[in-house]
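User: I am in my first year and would like a close look at a single part of this protein, explained slowly and with its surroundings. Could you take one small sheet and follow what lies around it?

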Amino acid sequence: MGLDLFSDVAELTAALVDIESVSGGEGPLADAVEEALRALPHLAVERSGNNVVARTELGRGERVVLAGHLDTVPLNGNLPSRVDGDRLYGCGTTDMKSGVAVALRLAATVPEPNRDVSYVFYECEEIEAERNGLRKLAAERPELLAGDFAVLMEPTGGQIEGGCQGTMRVEVTARGERAHSARAWMGSNAIHSAGRILDVLRAYEPPRPVVDGLEYREGLNAVFISGGVAGNVIPDECVVTVNYRFAPDKSVAEAEAYLRELFAGFEVTVTDAASAARPGLTHPAAAAFVEASGAEVRAKLGWTDVARFAELGVPAVNYGPGEPTLAHTRDEYVELPLIAECEQRMRTWLAGRTNVAP
């Protein structure tokens, strides 16, 4: 049975949840989404892999992008969906099929929005970045993601979370010299030397930079430590793995330079990095979204795919009805009134209270 994009948004969410789509297995859901969108004459629909993009072509002065991933984490005895009071339970309800349902409803029921809209539904967000559908589209079909502003329908509890933090992992290495532990003075203990690395981390006071009017809070933490050779050997190496979460006022290069200066005297090797994204709330399309939604605005303390839009020069925010603290849990659920509120706020932004199909 196909998806009914004109059904109540709560019913549509349940229908999406009940089509299993664990990362790598999005095919049946992508098929259903594509079929439903192709039935709408006001949209131009393209598919690449299990990524489906539907666009209005009205010649408006602005284009905005609404994006959401189709995949979920592995099931945990939480399908099919079920309703209990005002809550819909099931895998993907909060992360993020309720947001996808809102976008699909808007795609169907707002045929002539006041700005052109690209609806992007993509695969493999919950697994390794190399398979991420949005990443593939950005690399292979960037024109499908072009726009003046983007909304990623990630769970935010119905609040707007602007941009996102960048993240970087580095290995900070202390060197020493091996010796027999009975003659320790003949060597140099690298683990002891690593204490200076930990001293830097303990003394760190997180900056709170304000970017586009939003306050971010940075973070610098040891997440792994390794060293040692044997129970009777003075170790000649100790490696502390440090995770740095930086605000969007820094580039990846600036974040790396900051860490190298902070840990001067030690070897610093970058093992992983992802750019931050500015919220871009000063852009007219973003300001209109904030005003129309009436939602509270805060900084996104974490990394999301809005950073991929930022790399394309598209300012973006996170906004969706799901509760982020429930994502990936066995008892994941979404509040049904919040889905309806999210839909109405987005509708007000794109079409006011008119120009809506029956």
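Analyst: Let us begin with an open sheet of 3 strands, in the order β4-β5-β19, whose pairing is antiparallel. The model is a predicted one, and every value below is computed from it. The strands at the edges of this sheet are β4, residues 82–84, and β19, and each of these two pairs on one side only. From one strand to the next, the twist averages 25°. In general, the strands of a sheet pair through backbone hydrogen bonds, and they can do so in a parallel or an antiparallel way.

Looking at one pairing in detail, β4 is joined to strand β5, residues 87–89, by 3 bridges, and these two strands run antiparallel. One position to find in the structure is aspartate 84, whose bridge partner in β5 is arginine 87. Helix α3, residues 93–109, lies across β5 and β19, and its direction makes an angle of about 50° with β19.

Two peptide bonds in this region deserve a careful look, and for them it helps to know that most peptide bonds are trans. The bond that joins leucine 79 and proline 80 is cis, with omega at about 0°, and proline 80 has its place in the loop between β3 and β4. A second cis bond leads from aspartate 95 to methionine 96, with omega near -5°, and methionine 96 is found in helix α3, the helix lying across β5 and β19.

We can now turn to the loop between β18 (316–318) and β19 (333–335), where glutamate 332 has its place. What does the side chain of glutamate 332 reach? It comes to 3.1 Å from the backbone nitrogen of glycine 92. Glutamate 332 is buried and yet has no salt bridge, since a salt bridge needs a charged pair within 4 Å, whereas the nearest side chain of opposite charge, that of lysine 97, is 9.2 Å away from glutamate 332. If we leave aside the neighbours within four places in sequence, the contacts of glutamate 332 are with Leu88, Tyr89, Gly90, Cys91, Gly92, Thr93, Thr94, Asp95 and Leu326. Among these contacts, Asp95 is also the residue from which the cis bond to methionine 96 starts.

The loop between β18 and β19 also holds histidine 328. Its phi is near 75°, a positive value in a residue other than glycine, while most residues other than glycine have a negative phi. Histidine 328 counts as partly exposed, because its relative accessible area is 46%, in contrast to glutamate 332, which is buried.

From this loop we can step back to β18 and the strand it pairs with. Strand β7 and β18 pair in the parallel sense over 3 bridges, and within this pairing valine 151 stands opposite valine 317 in β18. Strand β3, residues 63–69, is joined to β7 by 4 bridges, and these strands also run parallel, with alanine 67 opposite leucine 152 in β7. Are the two faces of β7, residues 149–152, covered or uncovered? Both are covered: Phe149 and Val151 on one side, and Ala150 and Leu152 on the other, are all buried. Valine 151 and leucine 152, which we met in the pairings with β18 and β3, thus belong to opposite sides of the strand.

For comparison, there is a further buried glutamate to set beside glutamate 332. Glutamate 123 has its place in the loop between β6 (116–122) and α4 (133–140), and although buried it has no salt bridge, the nearest side chain of opposite charge being that of lysine 136, 4.3 Å away. That distance lies outside the 4 Å cut-off used for a salt bridge. Not counting residues up to four places away in sequence, glutamate 123 touches several residues, including Asp71, Arg131 and Lys136. In this loop between β6 and α4 there is also cysteine 124, whose phi is near 55°, a positive value in a residue other than glycine. Cysteine 124 counts as buried because its relative accessibility is 3%, whereas histidine 328, which has a positive phi as well, is partly exposed.

Definitions and conventions:
Residues numbered from 1 in each chain as written. Predicted model: local features only at pLDDT ≥ 70, side-chain atom pairs only at ≥ 80, totals over all residues. Heavy atoms only, no water. Buried < 20%, exposed > 50% of the residue type's maximum accessible area, 1.4 Å probe, protein only. Lys, Arg positive; Asp, Glu negative; His and termini not counted. Polar contact = N/O pair within 3.5 Å; in protein donor to acceptor, adjacent residues only side chain to side chain. Contact = heavy atoms within 4.5 Å. Pairing = 2+ DSSP bridges. Axes fitted to C-alpha atoms, helices over the stretch in contact; angles between N-to-C directions.
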